[in-house]
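Colleague: I'm new to this one, so could you walk me through it?
Modeller: Sure, have a look first and then ask away.

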Amino acid sequence: MGVVESWSRVMSLLQEHAPADHADLPGPATEQMLAAAEERMGIPLPRELRTWLLQNNLDLPEEDVDDDVACCGFAGFPDEGMFFLGIRAIERLYANHSMPGGVNPPDQPDNPFWRNDWIPFLSDQDGWTGKFIDVRDGRIGRWVVGEITTTGEYASLAHYFDSVAEMVTKIADGSHPTCSVAEGRLVWA
């Protein structure tokens, strides 16, 4: 399954089981928005990330952005402490992580905390933990400040979205250990 189908499955499940959360999500990014962000970041967005952002650009409306936090997003989706990033938030977090020379720390190129080839798409509000897509091969990894970065956690963004769809399915059937649905919204225990 490709990224469009995997994301569509997530959105269909969310619309069916948590329609209030689904209704809050904004529409797509434009090619112009993506091209401008790529130019500012100095790196092309991977095809899967670009395709996803053209489906849903999950940036909060400007008036809801909190300048006191590193990242803003739709609380409670895909889980309690993390949220998907829209193109503005991706660009902002990427700028916070990227380093001259492309690797942080520069003396550990084979086991870095961060590479400029990684573009974040999911984060907590502090930008201390999240998921990224590797521009070089499209694999999904995870970073946590103070821990070793995990690369290749998922083979692709589509595979990651398949796992999110499985999670929403468990929530909908009542078998998820920490989340349920109330009044059309995901509720985390």
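Colleague: Let's start with F84: is F84 buried or exposed?
Modeller: Keep in mind that this is a predicted model. Buried here means under 20% relative accessible area. F84 falls in that class, and Y160 does too. So for F84 the word, going by that cut-off, is the one given for Y160 as well: buried.

Colleague: How confident is the prediction, and where is confidence highest?
Modeller: The mean pLDDT of the protein is 89, and 94% of its residues reach 70 or more. At the low end sits strand β2 (residues 103-104), with a mean of 78. The highest confidence, at 96, belongs to helix α6 (residues 157-172).

Colleague: Which residues have the most contacts inside the largest nonpolar core?
Modeller: That core has 51 residues. Its largest share, 9 residues, comes from α6. L49 touches I90, I119, F121, I133 and L157, leaving out residues up to four places away in sequence. The residues with the most contacts inside the core are L49, W52 and F84.

Colleague: How many residues apart in sequence are the parts that W52 and F121 tie together?
Modeller: The structure holds 17 aromatic pairs, and W52 with F121 is one of them, edge-to-face at 6.3 Å centre to centre and 80° between the planes. Both W52 and F121 are buried. W52 lies in helix α4 and F121 in strand β4, so the pair links parts whose separation in sequence is 69 residues.

Colleague: And which elements does the pair of F84 and Y160 tie together?
Modeller: F84 and Y160 are also edge-to-face, 6.3 Å centre to centre with 75° between the planes. Ring pairs link both into a cluster that includes W7, W52 and F121. The parts they tie together are 76 residues apart in sequence, because F84 and Y160 lie in strand β1 (residues 83-84) and helix α6.

Colleague: What covers the buried residues of α5?
Modeller: Helix α5 spans residues 87-97, and its buried residues are I87, A89, I90, E91, L93, Y94 and H97. Their cover includes α3 (31-41), α4 (47-53), β3 (114-115), β4 (118-123) and β6 (140-144).

Colleague: Which side chain does D21 join in a polar contact of 2.8 Å?
Modeller: D21 is in helix α2 (residues 19-24), and D21 is buried because its relative accessible area is 12%. Beyond four places in sequence, D21 is in contact with L14, G184, R185 and L186. The 2.8 Å polar contact joins the side chain of D21 to that of R185.

Notes: Residues numbered from 1 in each chain as written. Heavy atoms only, no water. Buried < 20%, exposed > 50% of the residue type's maximum accessible area, 1.4 Å probe, protein only. Helix = DSSP H or I, 4+ residues; strand = E, 2+ residues; numbered from the N terminus. Contact = heavy atoms within 4.5 Å. pLDDT = per-residue confidence, 0-100. Core = buried A, V, L, I, M, F, W, Y, C linked by side-chain atoms within 4.5 Å. Polar contact = N/O pair within 3.5 Å; in protein donor to acceptor, adjacent residues only side chain to side chain. Phe/Tyr/Trp six-rings, centres within 6.5 Å; stacked < 30°, edge-to-face > 60°.
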